[in-house]
Amino acid sequence: VQLQASGGGLVQPGGSLRLSCAASGSIFSINRMGWYRQAPGKQRDLVAYITSGGSTNYADSVKGRFTISRDNAKNTVYLQMNSLKPEDTAVYYCTADIKPLSGSYYRRYWGQGTQVTVSS
């Protein structure tokens with residue numbers, strides 16, 4: 001099982017980016033999917049998550065600007081980021097709680113991280 005994130009890059013303040021993260025491999029089911037971010041010299045913080053039923057939760061700092069969604073048929077989670085600010089600059093990591101075909105319990109998997117830089 002692996003997670004592949006994409007969509008990061010350089011954007012000006014006020015701009016938008018869309019991150020994607022696809023899970024692949026021997027997957028039985030996926031529960032919660034989410035995004036974390038880590039800025040230089042800071043801890044890794046939760047940005048947003050979405051449950052298998054579609055319930056969402058956001059960090060206060062991104063509410064109203066970011067939207068998390070998922071496509072269960074594609075095992076993919078998205079993060080639409082609008083009105084980006086310089087303080088959103090970080091490496092963004094996707095996560096998924098996955099039960100593998102060969103396993104009997106859920107385990108959290110992490111993507112490799114994608115850099116988002118907001119700067120003029």
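Which residue in β5 stands opposite G34? Select G34 in this predicted model and look across: Y49 of β5 is its partner.

**First stop: two hairpins**

Now colour β4, residues 27-38, and β5, residues 45-50; these strands pair in the antiparallel sense over five bridges. Six residues lie between the two strands of this hairpin, and among them you can pick out G41, whose phi is positive, near 75 degrees.

While Y49 is still on screen, add R32: the charged end of R32 sits over the Y49 ring, 3.9 Å from the ring centre.

Next, follow the chain from β5 to β6, residues 56-58. This pairing is antiparallel too, with three bridges. A48 and Y58 of β6 stand opposite each other. The hairpin of β5 and β6 has five residues between its strands, and here G54 has a positive phi near 100 degrees.

**Second stop: the core**

Select W35, L79, M81 and Y92 together. They are the residues with the most contacts inside the largest nonpolar core, which has 31 residues. At least two core residues come from each of β1 (2-6), β3 (17-24), β4, β5, β7 (66-71), β8 (76-81), β9 (90-100) and β11 (114-118). The largest share, five residues, is supplied by β9. As background, nonpolar side chains in soluble globular proteins tend to be buried together.

Then centre the view on M81. Setting aside neighbours within four places in sequence, M81 is in contact with residues including L17, L19, F66, Y92 and V116. G15, S16 and R65 are also in contact with M81.

**Third stop: an aromatic cluster**

Show Y36, Y93 and W110, which ring pairs link into a cluster. How many aromatic pairs are counted? The count is two.

Start with Y36 and W110: their ring centres are 5.0 Å apart and their planes stand at 50 degrees, so this pair is tilted. Y36 belongs to β4 and W110 to β10 (residues 107-110), so many viewers will want both strands shown, with the two residues 74 apart along the chain. 

Turn to Y93 and W110 for an edge-to-face pair, 6.5 Å from centre to centre with 75 degrees between the planes. Y93 lies in β9 and W110 in β10, 17 residues apart.

Are these rings buried or exposed? Y36 counts as buried at 14% relative accessibility, and Y93 counts as buried at 15%. W110 is partly exposed, with a relative accessible area of 37%.

**Last stop: a charge over a ring**

Finish by selecting R18 and Y78. The charged end of R18 sits over the Y78 ring, 4.1 Å from its centre.

Key. Residues are numbered from 1 along each chain as its sequence is written. This is a predicted model: local features need pLDDT of at least 70, side-chain atom pairs count only at pLDDT 80 or more; totals for chains, interfaces and linings use all residues. Side-chain values use heavy atoms; hydrogens and water are left out. Two strands pair if DSSP finds at least two bridges between them. Helices (H or I, at least four residues) and strands (E, at least two) are DSSP runs, numbered from the N terminus. A nonpolar core is a set of buried Ala, Val, Leu, Ile, Met, Phe, Trp, Tyr and Cys residues joined through side-chain atoms within 4.5 Å. Buried means under 20% relative accessible area, exposed over 50%, partly exposed in between (1.4 Å probe, protein chains only). Contact means heavy atoms within 4.5 Å. Rings of Phe, Tyr and Trp (its six-membered ring) pair if their centres lie within 6.5 Å; planes under 30 degrees apart count as stacked, over 60 as edge-to-face and the rest as tilted. A charge sits over a ring if NZ of Lys or CZ of Arg is within 6 Å of the ring centre and within 35 degrees of the ring normal.
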